[in-house]
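The following exercises concern the structure shown below. Please work through each task before reading its solution.

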Amino acid sequence: MLHHIAIVGSGPSGLFCADALLRQKPELKIDVFDRLATPYGLVRFGVAPDHQGTKAVTRQFDRLFGNPNLRFLGNIAVGRDLPLAELTAHYDAVILALGAHADRPLDIPGEDLPGRYGSMAFVGWYNGHPDFRSLNPLLDRPGAAVIGMGNVAIDIVRVLGKTPAEMASSDLTAHAAEAIARAPLTDLYILGRRGPVEASFTSAELAELGRLERVRPVVNKADLPEALPADIDPNEAKVKEKNLSLLHEFAARTDDKPIRLHFLFHAAPEALLGNGRVEHLKIKGIEKALDVGAAISAIGYRTATEGDLPQADARGVLANESGRIAPGLYVVGWAKRGPSGTIPTNRAEAKAVADLVLADFANDTAPAKPGSLELDKRIAARGAAVIDWAGWKRIEAAETAGARPGSPRAKLADWDDLHRTALVL
């Protein structure tokens, strides 16, 4: 029996799942839907622009789309443009690989002031996400704060702190590069509610901050324990020990550089203050507020859905049992477990969900559903401008051709430019 599968989302979890399915059942017909004009999700819009090695996984996905049984249907928002109910009626299995694209709120006074940004929006702005092309963040004052102690927070302060020469081989968008080059930054702050041992950044990312040309990390030695606590999780001890060693190295530095990067531990944000915009960040227990013109919260993401897609729970994930939401409906990736892990983390989980789908097929005696043929007609009748793989390749070619020397691409970040290029308008 020939089965048809729809995957909603073309990020790593969805494409790892497609790969696992086709490796076991090459005859499957799989359609990958994405509301964006471009594939790769987190790889394109979440990975830092100066971490090109991490983005190399896209070469594997490129080869995957060489399979004629796999299609890309971009510019289609399932739940809004195309109801989920229509997918489940036409496909034998629908796998939601939605990711987590909504910032968690800070829940402090002043959060709505201009100058406060969630990391999804801010990272999307410098990574060329079309939803955030016009963000134009306020980077016109000497101070900026990043709230959070994970790798995303590390990425943000590093991108803000690097010189244009250090970013030359990245795919940082031109509009962000120009804004950061103009910014009169002298003091960056990275702060978290907990201590240095509890910080969730990894050692490689932390170490990068010590090698920046114009940035000196500033750490108060009094904030650092001399050794890890005895009850530390053995699985985390190696990373935590390296982190602590690096922070001690930072604390011992006395060199002078144009930008100081202040690590503030046990620093819970209390309020953002200002006259019509962010001007100060008040920290609980500290009388003097930080002078900052921008505050970026990097405290995690949650899945947000629309239309008839399942709603996320309080943790920001879709209710499921080992990846199964309901018969014929599955979830994988961050929408399944929450925003955790690295890109390779998704591979094993995607394989497990693919195995679950195929096991359900083996036990299902119902006739196969019609797949995309009839649905394609409905989509076309509605006038939807589907961007297929060839359309994405036109975008890719334009970005490659427009790249500055040393950079892999000049991302198109405007919806109209993307559509015009992909659809040859």
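## Exercise 1: An enclosed strand

In this predicted model, 5 of the 5 residues of strand β7 (residues 143-147) are buried, so β7 is largely enclosed by the rest of the structure.

**Task.** Determine which way the residues of β7 point and which strands are joined to β7 by bridges.

**Solution.**
1. Gly143, Ala145 and Ile147 point one way from β7, and Ala144 and Val146 point the other way. The residues on both sides are buried.
2. Strand β8 (residues 187-191) runs parallel to β7 and is joined to it by 5 bridges. Within β8, Asp187 is the bridge partner of Gly143.
3. Strand β14 (residues 294-297) also runs parallel to β7, with 4 bridges between them. Here Ala144 has Ala294 as its bridge partner.

## Exercise 2: The surroundings of helix α6

**Task.** Decide whether Ile154 is buried or exposed, and list its contacts beyond four places in sequence.

**Solution.**
1. Ile154 belongs to helix α6 (residues 151-161).
2. The relative accessible area of Ile154 is 0% and the cut-off for burial is under 20%, so Ile154 is buried.
3. Without its neighbours within four places in sequence, Ile154 is in contact with Ile190, Phe201, Glu205, Leu206 and Leu209.
4. For Glu205, which is 51 residues from Ile154 along the chain, the separation of the two C-alpha atoms is 6.8 Å.

## Exercise 3: Two nonpolar cores

**Task.** Identify the residues with the most contacts inside the largest nonpolar core, and examine the contacts of Ile156.

**Solution.**
1. The largest nonpolar core comprises 50 residues. Phe122, Trp125, Tyr126, Ile156, Leu160, Leu206 and Phe263 have the most contacts inside it.
2. Ile156, with neighbours within four places in sequence left aside, is in contact with Ser119, Phe122, Val123, Tyr126, Val146, Ile296 and Ala298.
3. Another core, of 42 residues, lies apart from the largest one; Phe16, Leu22, Val47 and Val353 are among its members.

## Exercise 4: Aromatic geometry

**Task.** Classify the ring pair of Tyr40 and Trp389, and explain which parts of the chain the pair ties together.

**Solution.**
1. A pair of aromatic rings is described by the distance of the centres and the angle of the planes.
2. A search of the whole structure yields 14 aromatic pairs. In the pair of Tyr40 and Trp389, the ring centres are 6.5 Å apart and the planes stand at 80 degrees. Planes over 60 degrees apart count as edge-to-face, so this pair is edge-to-face.
3. Tyr40 lies in the loop between β2 (29-33) and α2 (42-45), and Trp389 lies in helix α13 (residues 389-401), so the pair ties together parts that are 349 residues apart in sequence.
4. Both rings belong to buried residues: the relative accessible area is 5% for Tyr40 and 16% for Trp389.
5. By comparison, the pair of Tyr117 and Phe122 is tilted, with 6.3 Å centre to centre and 40 degrees between the planes. Tyr117 and Phe122 are both buried.
6. Tyr40 and Trp389 also belong to one aromatic cluster together with Phe16, Phe61, Phe65, Phe72 and Trp392.

## Exercise 5: Faces of two helices

**Task.** Establish how the buried residues of α7 and of α14 are arranged around the helix axis.

**Solution.**
1. In helix α7 (residues 174-182), the buried residues are His175, Ala176, Ala179 and Ile180. Viewed down the axis, these fall within an arc of 125 degrees, so they line one face of α7.
2. The face of α7 turned away from the buried side carries the exposed residues Ala181 and Arg182. Among the elements covering the buried residues of α7 are α5 (119-127) and α6.
3. In helix α14 (residues 415-423), Leu418, His419 and Ala422 are buried. Their arc around the axis is only 95 degrees, which puts them on the same side of α14.
4. These buried residues of α14 pack against α13.

## Exercise 6: An open sheet

**Task.** Give the strand order of the open sheet of 6 strands, and locate the helix α11 relative to it.

**Solution.**
1. The order is β3-β2-β1-β4-β17-β16, with mixed pairing. The edge strands β3 (70-73) and β16 (324-326) each pair on one side only.
2. On average, neighbouring strands of this sheet are turned by 25 degrees against each other, direction ignored.
3. Strands β4 (residues 93-96) and β17 (residues 329-331) pair in the parallel sense over 3 bridges, and Leu96 stands opposite Val331 in β17.
4. Helix α11 (residues 345-362) lies across β1 (4-8), β4, β16 and β17, and runs at about 165 degrees to β17.

Notes
Residues are numbered from 1 along each chain as its sequence is written. This is a predicted model: local features need pLDDT of at least 70, side-chain atom pairs count only at pLDDT 80 or more; totals for chains, interfaces and linings use all residues. Side-chain values use heavy atoms; hydrogens and water are left out. Helices (H or I, at least four residues) and strands (E, at least two) are DSSP runs, numbered from the N terminus. Buried means under 20% relative accessible area, exposed over 50%, partly exposed in between (1.4 Å probe, protein chains only). Contact means heavy atoms within 4.5 Å. Rings of Phe, Tyr and Trp (its six-membered ring) pair if their centres lie within 6.5 Å; planes under 30 degrees apart count as stacked, over 60 as edge-to-face and the rest as tilted. The arc is that of the directions from the helix axis to the C-beta atoms. Two strands pair if DSSP finds at least two bridges between them. Axes are lines fitted to C-alpha atoms, for helices over the stretch in contact, and angles run from 0 to 180 degrees between N-to-C directions. A nonpolar core is a set of buried Ala, Val, Leu, Ile, Met, Phe, Trp, Tyr and Cys residues joined through side-chain atoms within 4.5 Å.
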